[in-house]
Amino acid sequence: MTRVTKVMAGATVMVGLEFRCRLATRSKLFSPCPSAIDATPDSQVDAHTLALPGTLPTLNRQAVGLAIRLALALDAEIEPVSRWVRKHYFAPTLAKGYQITQRESPLARGGTIEVAGRALGLTSIYLAEDVGELRAGVVDLSRAGAPLLELAGEPMIMRATAEEASAFLRALQTIIRASRVADIDMPGALRCDAHVSLWPKGQDEPGTHCTIKDVESGPALEQAIAAEVLRQTALLDQGMAVAALTLGYDAADDRLWVCGDHPSATQCCYLPEPDLPPLRIDTAWIERARAELRDPRSLS
Amino acid sequence: MAVITDADIEALAHLCRVELDAEGVARGRSYLGAIVGLLETLEAVDTSGIPPFVAAELVAALHDPPGPTALREDTPGPRVPAAAVPS
Amino acid sequence: MRAAREPLSAWTASETADAVRSGEVSALTVTRAALDRIAAVDPRLHAWTLVDERGALAAARGVDAARARGESLGPLAGVPTGLKDNFVTAGLETTGGSRILQGWIPLRDGFHASRLRAAGAVLLGKLALDEFGMGSSNENTPFTAVRNPWALDFVPGGSSGGSAAAVASRTICFSLGSDSGGSIRQPASLCGIVGLKPTYGRVSRSGLIAFVSSLDQPGPLTRNVRDAALVLGCLAGHDPQDMNTIRAPAPDYLEAVTRGRMHGLAGLRIGVHHEALALPGLDPAVRACFDAALAALTAAGAELLEVSLPHFRHAVPTYYALASALAASNLARFDGARQGLRMTGEDFVRSCTATRSQGFGEEVKRRLLLGTHVMRDPSGLYERATRVQTLIARDYTAAFERCDLLASPTTRLPGFRLGERVHDPVAMYLSDIFVVGANLAGLPAISVPAGFAPAITGRPRLPVGLHLIAPLLAEPTLLRVAAAHEASTAWHLEVPPGVA
């Protein structure tokens, strides 16, 4: 850690955290396909998950209810109307060739994760369907379509260590556990992406960011960010540019590996999702969710 | 009138995962040039203050009795048989 | 009522269902006759891409057995039908008219096949279309192009060309098509039959291969208005599997037809948009048929008035901006990894690209390029198109404050030869000027037979259609007026000479 501390003292490290929480519903976000978090590969698919022609999305009411509950637990403002978009890119784990998500018009805005007097502000909280998994070249669509609540954090400046990032992740786990919206102790229930970039002194803006995807524990997050900071620093010291990469992190080996080029905003096309009406959340629904938060016994 | 180049066509073809030979690129360029010119006539329309058309909202306004479009209850349905899952 | 000695192929869907329910004829007899007729007539037309003889006979026997058991039979009992091959059918290959889906055999029926079977209809097979619904001539196909039964070297229209040719050639008395930008109404017009596009959301899109999701509507092609009402009644209604279906009871469409036939159109105001009629290129024979149709409607008591649709010139570009982008979106799922054509490659990008390059036809590839361009356009072309769409919809709302429905010809020309337009996509697109507005505004619309363009040098006698548009959910008004027109004409009774 000392090497990292020295490096981070010399340059500003920008970290943007994005969390995705898998909501504990019985069926998927846009289809009635069963949605257990511990399903075996390819055991949990239906016509919609397979993107068979002629299938249409149907929105899971319980997923919305759980999303509202968690957003309230984070003190976010629920938007009375939010909208769905299709985020297009080609990947074997994305059967439709697009992911249904919310982007400019999220379910909730604002909110905070607080730890020991420090606060991580959230910019937006929105629902999205999960994508499948790729293991050793084999696609598994069991997870595809599961309901995710995405929480986008404001960029932070990390000083000395990445311990702060880990603390926020753990604090979020606690909030999720208390609000009972996810099987938080199961692997895959909460994943975190960290967008890491260095801002060398004298530069007008931060450099290109790389994204470490799907980190699941506080310690792993801290180590992954540290490893990435070292990697980028080494590149810059050699006079090389930092390429925009998507990375995975192997906590056991303390090793970053390259997933690929991340589909940047300019590569993904977005269209408003025509098959779904805008999501309308009235005050009655918000009040019911607030009541559920206050009384743990009422939570299913 | 927009000028569409071969490079534009090749870039679009890559984005939609379609491979074109030289003749295909040329045909694509001529087609897009003509149609994009047609689409550009929409720039002359004054749309200030006009909201985008949302077909789903058209439908929602026609429900009788009036009310929002119902969401799906969280009841799991059937999976497809393993044989139908691609390998 | 039909004449006792008319062949089965001349019976309407209503007559057939009545006769099967009463026991006058068995479903098996009707189905056998239809299969025989397909074998006799379709080799010249190529409307049918798949005929499921075994399944059809089994279904017909099932209807007869149900009748023998004393069970009540549905409104389409024993009526043979075919579905455009972009409707999902259990156990029957569903290709969307594309090589990329060749070999896909769905496990379960979509909404429409399911509803029609529940109504007692006998599914004979699948009908040819322009690939994935993209086209107006049924020439955009890797399979054989469909011929117009009225003139074999002329197109039947598209994209529901097979659905129209099958009905016009009397192999079946009704089929299902889909309409995103005129794809039911234009082929109905070119083939001299009835084609109905319901209000957006009136009929479920679950089980229809998606093309322009915000505009697509399934609908019937029939030989008369009453049959269109009968079939619509079997399909209309809320479907929880399509969140964009209207949760409202369907009215009695058959009653609207009866009212139109019996009680005339006194007090009905029909709007005519003269500015569109005045555009150069409207065939004089089409104009003459249209004027005659208006005369028939006024004779029935309707009043004509002029309307203005200020944004009508923008309808075609608006449609193509939306349609190409949504097509590119809806076709993104065809990557070779799951159903249909699968090409191999070193990695996913290569296998996906090889599959799509081999599997998609020329028109589809063009629209993918265009759609990708529209989606990425930094000036917000797609969003702008949806705002112009709002203006177009508002034009119709304003027009309907002064009239009860709008009338126009369905097409500008009575038809064109195979190959004549394939190299001129812009000309093809501009021919949609009368039909595409109804899709953009979500309005119900119908094309009905309105006479013939007489034979001239270089062109045989060809059918002409009358196009009517009604306000949202006003299908009863459409059917009433269409029925009144049909009651005073005999166009719908003519049989194409080549297939009599």
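Call a residue buried if 20 or more other C-beta atoms lie within 10 Å of its own, with C-beta atoms placed from the backbone. Keep that in mind for helix α3 of chain C, and remember that this is a predicted model.

By that yardstick, the buried residues of α3(C) are C:Ala56, C:Ala59, C:Ala60, C:Val63, C:Asp64 and C:Arg67. Because they cover an arc of only 140° around the axis, they end up on the same side of α3(C). What lies over them? The cover for the buried residues of α3(C) includes α1 (13-22), α2 (27-41) and β3 (122-127) of chain C. Flip to the face turned away from that buried side and you'll find the exposed residues C:Arg54, C:Ala65 and C:Ala68.

The length of α3(C) works out too. The helix runs over residues 53-68, and at 1.5 Å a residue its 16 residues should span 22 Å; the end C-alpha atoms are 22 Å apart, so the two agree. After the helix comes C:Gly70, with a positive phi near 80°.

Now step out to the chain contacts. Between chains C and B, 47 residues of chain C are in contact with 35 residues of chain B. On the chain C side, the elements giving two or more residues are α11 (315-330), α12 (348-359), α13 (362-376), α14 (381-399) and α15 (425-430). The biggest giver there is α14(C), with eleven residues. Sorted by class, this side of chain C has 25 nonpolar, 14 polar and eight charged residues.

Chain B also meets chain A: 19 residues of chain B are in contact with 24 of chain A. Here the chain B side comprises ten nonpolar, three polar and six charged residues.

Note on methods. Residues numbered from 1 in each chain as written. Chains lettered and ligands numbered in written order. Predicted model: local features only at pLDDT ≥ 70, side-chain atom pairs only at ≥ 80, totals over all residues. Contact = placed C-beta atoms within 7 Å. Helix = DSSP H or I, 4+ residues; strand = E, 2+ residues; numbered from the N terminus. Nonpolar A, V, L, I, M, F, W, Y, C, P; charged D, E, K, R; others polar. Expected span 1.5 Å × (residues − 1). Buried ≥ 20, exposed ≤ 12 C-beta atoms within 10 Å, placed from the backbone. Arc of directions from axis to C-beta.
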